[in-house]
Amino acid sequence: MPLSKIVLKPGLNRDSTSYSGEGGFYTGDKIRFVSGFAEKIGGWINQSNYTYKGVARSLWNWITLLGDNLLGVGTNCKFYVEMGGQYNDITPLRTTVTLGANPFAMVSGSQLITVTAASNGSTAGSFVTFSGATAAGGLTLNGEFEIITTPSGNTYNIISSTAATSTTSGGGSSVVAAYQLNAGNSVYSAGTGWGVGPWSGGGWGSASTTGIPLQLWSQINFDEDLLLGIRTGAIYWWTKDTSTFARAITLNAAANLVTKATTTATFSISATTITVADNTGITSGSVISGTNITSGTYVTTAYAGGLSVTISAATTGSSSGNYTFSYAGYHVPNETLQITTSSNNAFTISMGSNPYDPTNFGTTFDPMLVRWSDQDNPYEWVPEVTNQSGEQRLSNGSVIMTSANTRQEILIWTDTSLFSMQYLGPPYVWGINLLMDNLSIISPNAAISVNNVTYWMGVDKFYAYTGRVDTLPSSVRMYVFNDLNKEQQGQVVAGTNEGFNEVWWFYPSGDSVVNDSYVIYNYLEQIWYFGTMNRTAWLDSPMRLYPMAAFSIQNSYIDTAINASITTITLLNGSSYPSSGTVTIDSEQITYTGINGNTLTGCTRGANSTTAASHVIYSAATYLTPNQIMFHEYGCDDQSETMPRAIDSYIDTSDFDIGDGHNFAFIWRVIPDMSFDTSTGANPAVNLVLKPRINSGSAYSTGSSPTVTNTASYPVELYTGQVYTRVRGRQLSFRVESDTLGVAWQMGSMRLDIRQDGRR
C-alpha cells in the first residue's frame, strides 16, 4: 500500500471516546497548537533571585512617571511591590499598640517565644514588628516575626532566630507591637458558611466554623499610585516616593490627609461647635486642621449643613483664623469585595460596599452594592450636586463575585447574573443593566478580557461575552469539570497568553487542594487543550518581556519534634503543599510521595545527598522550589530552581484504523515529520510511541500477545528520515513525547506505511 499521510484536527477532544475522536488528539500535557500543529509549550524561569511569603493570587504591573517598572503581588499574608527583582513589603498595618510590661516569655535552649498581648486579634501566619524591646534571656526581640500559633486570645507564639540562654520573662515596658493585616487561608477549609467549601455554598452571612476565607486582593492604578482592596476588607492607598517603600494606608486615611476646603473659623476654648465663614465643601467626616484643634478631629454626623459645625473633639483654645477641611475619609467605603476603575472615565469603583449615610459612618456592608467616587478623584465618595459620586444596588443575586473592565463597559458578575455598567454622565452618572440571569462564574479570578472579548469559567461550562453572552463550545468541558475539585473551585484563576492567542484557567483537580492543572482555549483557532501545572496567579503584561505566573507554597513549621528516621511529618499548615515533592527542614531535604491533611507521607529522609537529622518542634519547613514569579515562554526548560529541569511533554492521538477496522493493520515503517527549531540542546529528540490494540474495548498492548504486537517506542531526531517498526493491531494511536533538557518540538504530518493484514 502507499504511505498514509496522517492529517489530524488540532485541539484535544476528551468529551468523546478515543475511537470516536478518530482524526484528532485525545490527551496531552505541556503542549499547544500553533497554526493547527501540535508543539511543546515554552519553558519558564524565576525572574528574581528573591522570594516572597504566602500564596500569591494577584499580580498587577505598571510604570511610574520616573520609569520604575513595578509589580504588585498580593499573597494570603502579605502585599509586595516588586521592582528590579526585589520584593518590597508594603503590607498595611492593622493596628499598633504598646504591650504590657515584660511581654516575652522564653525557655532556656528554646527558640519558641510566648508573647502576652491582651485581645490582640491575631491569626496564625500573620506578622508583627516589635520595637523598643530590651534584652532578656540573651534575646532582643526587635524586628519582624511571624505569628506561629495563637494559644489564646491574649497570647501568641513567635520563633526567635536563636535560642534563649535562660528561662525568664522580659522585654521591658516600652515594647511597641505593629500588627500587619491578618493572614487569610491559602486554601479553603472544611466547614460551613461563606468562603468555606464550594464558593458561595452557604449563602452570604451564614455562620462559619472557620472564619478565615481565601485572602484575595484586587489592584488598580490612580495615575501612578496604587489602589488595592482586600476581599471583605478595606481599600488601601500606596504611593512610591523616590527612595522608600512605605506601607500602604487605608484610602480612608489617605482622604483625611487631602484638603478639600479652606475657610476662616471662630471658636472658644473647649468648644465642640465652631463657626465657619463658608461651609462649601464641608461635610460630616471631614477632618479639620489648624491652631487649637486636636489632631484627627473631624466633623461629626450631627452636622447637617450651615455655618455652625459640630466637631468630634473639643477645641484646646480660642481662635480665629484659617482652617482646612479634608475630604470625608470616614465616608470612603470601609469594606469592599473588589476595587476597580473605569479606564475611560477615571472613577474608582467599589464592588460591594457599605452605603453612604451622612448621619452614620458605620453602615452595614452590602455585598450587592456598587459604589463609586467622584470622577478623577478617589478621595471624594460623598454624593453632592457638584460631583459625580454615587451608588446603585444590583437586583439579581446575593453577592458580587467579580468585575472586568472592558473598552465600552464594566461587566459585573453576581453569583447568579451578569450586569453591564456603562457611563451615562450627570445626573445619573452610571447605568447598570442586566445582561443575563441564571449563569455562573466559578471564582472571583475566573474572568479575563482580551481583544474586546471577555471569557470566563462557570461552575459547569465556559462563557464568552462579545456584546452578548454565549456558551463556548468545548471539546474538553466534561473532562475538566469532572476533574475539578469543587471544594476548592474558588482558587480558579484566569490569564491570557496573547502571543499564542490563548486564555488559560488554572484549577485544582481530583482531591488536590492546590491549583495543579490548567485548561487552555485558543481563541484564534477555537480549540482546547489541557495539562498539569501549579500556578496561583497569571499576568501577561505588555510592560514586561514575558507572561508572568506565580508559583506559591505557604511555608510552614513542623508541629512536633521529629527524629532522623520518621517517615510521616505533620506540619502546622501543609494545606497548600502539592501531593508530592521535596521540603527542606534546617539543612535536610526530605522528599514525600503523599499528603493527608497537614501530614506529609512516604517521606525519604536525607534526600539529595543531605543528612537525615532530628529537628525540634516548630522548625521551619520550606518547599524546595522557592515562591517566585516566573517568566513563561522563556527557553524550553523548567528553570525555577538553580539546576534546570526538563519539562515532560507529550501528546496522544485518538485511535484510528483501516477502513472500519474489519482487518488488522501492520505498520512496518513511519516517516516522521518533526521540527526542533527552537531547541537549545545539542541533539534534540522525541520518542515516537505506537500503541496498537485489538478493539476499542481492549487495552493498549504492553505484554505478550498472539494477535497484537506490543506498544513500541522509537527515538526521532532532527535528521531521522524513517523509522522501521513492527506494530500490528486493528486500532492504533501514537504518542510524541519528550523528557530531556533543551528540547523544543513541533509535530507536522506523520506518514505511516500500513499494510492490511488478516482478520485475526
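Which residue in the turn of the β36 and β37 hairpin has a positive phi? Select asparagine 451: its phi is about 55 degrees, and the hairpin has 2 residues between its strands.

Before moving on, some ground rules. This is a predicted model, where local features need pLDDT of at least 70 and side-chain atom pairs count only at pLDDT 80 or more, while totals for chains, interfaces and linings use all residues. Residues are numbered from 1 along each chain as its sequence is written, and side-chain values use heavy atoms, with hydrogens and water left out.

**Stop 1: strand β37 and its neighbours**

Select 453–457, which is strand β37. Strands here are DSSP runs (E, at least two residues), numbered from the N terminus. Of the 5 residues in β37, 5 are buried, so the strand is largely enclosed by the rest of the structure; buried means under 20% relative accessible area, with a 1.4 Å probe and protein chains only. Show the side chains: Val453, Tyr455 and Met457 point one way, Thr454 and Trp456 the other way.

Now add 447–450 for strand β36, which runs antiparallel to β37 and is joined to it by 4 bridges. Two strands count as paired if DSSP finds at least two bridges between them. Look across from serine 449 and you'll find threonine 454 opposite.

Then add 462–465, strand β38, which pairs with β37 in the antiparallel sense over 4 bridges. A hairpin through 4 residues joins β37 to β38. Methionine 457 has phenylalanine 462 as its bridge partner in β38.

**Stop 2: the aromatic cluster**

Keep Tyr455 and Phe462 on screen and add Phe481, Trp505, Tyr521, Tyr523 and Trp528: together they form one aromatic cluster. Rings of Phe, Tyr and Trp (its six-membered ring) pair if their centres lie within 6.5 Å; planes under 30 degrees apart count as stacked, over 60 as edge-to-face and the rest as tilted. By this rule the model has 42 aromatic pairs. Zoom in on tryptophan 505 and tryptophan 528, a stacked pair at 6.2 Å centre to centre with 15 degrees between the planes. The pair links distant parts of the chain, 23 residues apart: tryptophan 505 is in strand β41 (residues 502–507) and tryptophan 528 in strand β43 (residues 527–532). Tryptophan 505 counts as buried because its relative accessibility is 0%, and tryptophan 528 because its value is 2%.

**Stop 3: charges over rings**

Jump to arginine 14, which lies over the face of tyrosine 26, 4.4 Å from the ring centre. Next, try lysine 78 over the face of phenylalanine 127, at 4.3 Å from the ring centre. To count, NZ of Lys or CZ of Arg must be within 6 Å of the ring centre and within 35 degrees of the ring normal.

**Stop 4: an open sheet**

Select 556–557 and 588–592, the edge strands β46 and β49, each pairing on one side only. They belong to an open sheet of 4 strands with antiparallel pairing, in the order β46-β52-β48-β49. Add 620–623 for β52, which is joined to β46 by 2 bridges. Here serine 556 stands opposite alanine 621.

**Stop 5: a cavity**

Finish with the second largest cavity, whose volume is about 40 Å³. Select its lining: Val55, Arg57, Ser186, Val187, Gln491, Val514, Asn534, Thr536, Ser552 and Ser576. By class, that lining has 3 nonpolar, 6 polar and 1 charged. (On a 1 Å grid over the protein atoms alone, a cavity is a set of points where a 1.4 Å probe fits but cannot get out, and lining residues have an atom within 4 Å of a point.)

Key: 1 Å grid on protein atoms, 1.4 Å probe; cavity = no way out; pocket = protein on both sides within 12 Å on 5 of 7 lines; lining within 4 Å. Points joined across faces, edges and corners; volume = space filled by probe spheres on them. Nonpolar A, V, L, I, M, F, W, Y, C, P; charged D, E, K, R; others polar. Buried < 20%, exposed > 50% of the residue type's maximum accessible area, 1.4 Å probe, protein only.
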